[in-house]
Amino acid sequence: MARFPRPYTTRLLYTLYSTRTAASQSPSPMTTLLSNNFHLQFRHFSSGNLARAAKEGEEPWWKESMDRLRNIGISAHIDSGKTTLTERVLFYTGRIHEIHEVRGRDGVGAKMDSMDLEREKGITIQSAATYCTWSGYQINIIDTPGHVDFTIEVERALRVLDGAILVLCSVGGVQSQSITVDRQMRRYEVPRVAFINKLDRMGADPWKVLNQARSKLRHHSAALQVPIGLEDDFKGLVDLVQQKAYYFHGSSGEKVVIEEIPADMENFVAEKRRELIEAVSEVDDKLAEAFLNDEPISPSELEEAVRRATIARKFVPVFMGSAFKNKGVQPLLNGVLSYLPCPTEVSNYALDQTKNEEKVTLSGTPNGPLVALAFKLEEGRFGQLTYLRIYEGVIRKGDFIHNINTGKKIKVPRLVRMHSDEMEDIQEAHAGQIVAVFGMDCASGDTFTDGSVKYTMTSMNVPEPVMSLAVQPVSKDSGGQFSKALNRFQREDPTFRVGLDAESGQTIISGMGELHLDIYVERIRREYKVDATVGKPRVNFRETVTQRAEFDYLHKKQTGGQGQYGRVTGYVEPLPPGSPTKFEFENMIVGQVIPSNFIPAIEKGFKEAANSGSLIGHPVENLRVVLTDGASHAVDSSELAFKLASIYAFRQCYGAARPVILEPVMLVELKVPTEFQGTVAGDINKRKGVIVGNDQDGDDSVITANVPLNNMFGYSTALRSMTQGKGEFTMEYKEHSPVSNDVQMQLVNTYKGTKAAE
């Protein structure tokens, strides 16, 4: 061993260690022998020799490991082939040994769809994590849902990834959810590559999709590949960077044959390569210089320029293929290694809680204090499973770590690496890796450190739920299991809320849509064996005020002994548009007409009153309450007296503030054959929808409309019957906006009727 120079030895030890823990196939006897002999030495090198390596100017032990790590997500519109693509990636990298389809006849289902419900419905509900090894690189992959109801799963996956693959369908093109996912990638500044899938399908047109990505997603992009044939004639791909043709042979496309470019395609390939060089030159100065000087551009120069531009998020390289027909997946994997960043090439920030949330740039290396983010929770067979993305430092089994959000100190009892729903125990993990920990009590979005720093990672964007259902268990004996299920789902999914209707005593669950809530009711039934009855879906209306109204209320009660006395004076008014808060309370009293210790009780009273507006009993939003005067009594004033005075004062002035009802409005995108366009548009108008866009896409019409959610119940069945089953639609929450006068009257009368009946 002494013959090797030390940096080489350290890297060799670490590579062998990584190979032993990460390789999916059983390691060779030689690897096992070497890694077993060196395992202890590796631990010594990894912990003790950092400082020495730094002093001697050597490369630290983790440098090569970090360079050979990629954290990527696969995101797209529903049914674009994300899970199918992930299945092929796992097969070619040796993580699984046979391919199963999402809706396959064998009934096994894709590896990453580990829930029974996912396999039955053929959709992804929860994002699943796995890892694989390709060309000596370790790739951590998160397969995310495409359905808008599970948008939080995409949000939290993108929050912790360094790069992403945006899958686009060569027939459907850029669809509504593709736009949503791309917006989320922009929010979290994730560099990405695009993969145009399904080139074997009838009507496949990758150039149309590329133009849509440029116009709809505002991507600065160009193709890195050209397909050889399309639809049934799709045979392979030409790589524009390396200028070679790739063909995929074998029963599952596992043999990649590299040949020269077909003679009849040379001119087309030369034109597309020039287009690629021009596009990259616009955003990369080094390549632009060579291009303007008419110098020949080598494959390696072009590859480096594409990498620089992609990591800087100025360019989106476009790959092509057909995951289902096993073509184009291996070059895409090579593209992930070549063009997406390793953890040290991405800037990550933490907020220092000791310095008023000052931004701190994290080094992204194991050579620092531990900083890790819990981005997803799951209830496993052995208790709560917490997914962690490590941003800095090293985490070891048995270490004590601090939850900065709760202030608790926790021991790491078990550290695992996930492969869908399977797990593999590991002893330690370092910055850049995604691991899972058992038995830690925390919430989604909590930050963990080793205690030496008080950093938190920025929180995720969590949308407000738009729909509610009343649920209750059929038998009274299963109440315990029922509440256990609801508690677990709330911890797992921040968009799933549980509340109690104060008037009816029913349990109300709220979420992002019908499918979202249906899935949870079904999971209660399957995972907890609790049959639940479900009420009619209820839309989450809101109320708000439209003008200023004064209040002056005296609450006075004599009961013999100490009475109650509290007077509050002031006004309520609407908050300005775009205000970050939904409720504001301001105390503008000068002097001590009301002792300051009663002010919190007054604020609490107004908040409580705003929980239920008098129009239809829904919460009041965008409200500002200003307290200008009042009166108190030396003996009879109390917190309760002022709280009650505030509640009555709010009810007294609410009617004068001209309250209106707000309803959730959805952005609906429909794709229907052109012959049904008139019928569908007429139906949207009937549902009080506003059509905001109408595009032609081949033989289909793409209609975009804003429609009140209250009018969208059962729409999938209606659309099916209007379009002979050929139409499809997606919808996502847009905003709460005021209802028309006639709808308001109708809602108020219905509310009064139900109150009177009670």
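Here is a friendly exchange about charges, contacts and loops in this predicted model.

Colleague: How are residues numbered, and what pLDDT do local features need?
Modeller: Residues are numbered from 1 along each chain as its sequence is written, and side-chain values use heavy atoms, with hydrogens and water left out. In this predicted model, side-chain atom pairs count only at pLDDT 80 or more, totals for chains, interfaces and linings use all residues, and local features need pLDDT of at least 70.

Colleague: How many salt bridges are there?
Modeller: A salt bridge is a side-chain nitrogen of Lys or Arg within 4 Å of a carboxyl oxygen of Asp or Glu. By this rule, the count is 27.

Colleague: Which helix holds both R186 and D182?
Modeller: R186 forms a salt bridge with D182, and their closest N and O atoms are 3.3 Å apart. The two residues are four apart, about one turn of the helix, and both lie in α8 (residues 176-187).

Colleague: Is D182 buried or exposed?
Modeller: Buried means under 20% relative accessible area, exposed over 50%, and partly exposed in between (1.4 Å probe, protein chains only). Its partner R186 has 36% relative accessibility, so R186 counts as partly exposed. D182 has 2%, so D182 counts as buried.

Colleague: Which strands hold R624 and E573?
Modeller: R624 forms a salt bridge with E573, with the closest N and O atoms 2.3 Å apart. This pair links distant parts of the chain, 51 residues apart: R624 is in β35 (residues 623-631) and E573 is in β32 (residues 564-574).

Colleague: Where is E586, another salt-bridge partner of R624?
Modeller: The closest N and O atoms of R624 and E586 are 2.2 Å apart. This pair also links distant parts of the chain, 38 residues apart, and E586 lies in strand β33 (residues 583-587).

Colleague: Why does R624 count as buried?
Modeller: Its partner E586 is partly exposed, with a relative accessible area of 31%. Its partner E573 is buried, at 18%. R624 counts as buried because its relative accessibility is 16%.

Colleague: Which residues form the negative surface patch?
Modeller: Patches are made of residues with over 30% relative accessible area and no salt bridge, with like charges joined within 9 Å and nonpolar side chains (Val, Leu, Ile, Met, Phe, Trp, Tyr) within 5 Å. The negative patch is formed by D285, E289, D294, E295, E301 and E304.

Colleague: Which elements give two or more residues to the negative patch?
Modeller: One patch member, E301, is found in helix α12, and E301 counts as partly exposed at 38% relative accessibility. The elements giving two or more residues are α11 (285-292) and α12 (299-311).

Colleague: What does the side chain of H736 reach at 2.9 Å?
Modeller: H736 is placed in strand β39 (residues 728-738). Its side chain makes a polar contact (a pair of N or O atoms within 3.5 Å; within protein, one must be able to donate a hydrogen and the other to accept it, and residues adjacent in sequence count only if both atoms are side-chain atoms) with the side chain of Y733. At 2.9 Å, the side chain of H736 reaches the backbone oxygen of N540.

Colleague: What is the phi of N326?
Modeller: N326 sits in the loop between β11 and α13 (329-339), and N326 is buried, with a relative accessible area of 11%. Although N326 is not a glycine, its phi is positive, at about 60°.

How values were computed. Areas by Shrake-Rupley, 256 points an atom, 1.4 Å probe, with all protein chains shown as cover. Lys, Arg positive; Asp, Glu negative; His and termini not counted. Charge placed at Lys NZ, Arg CZ, Asp CG, Glu CD.
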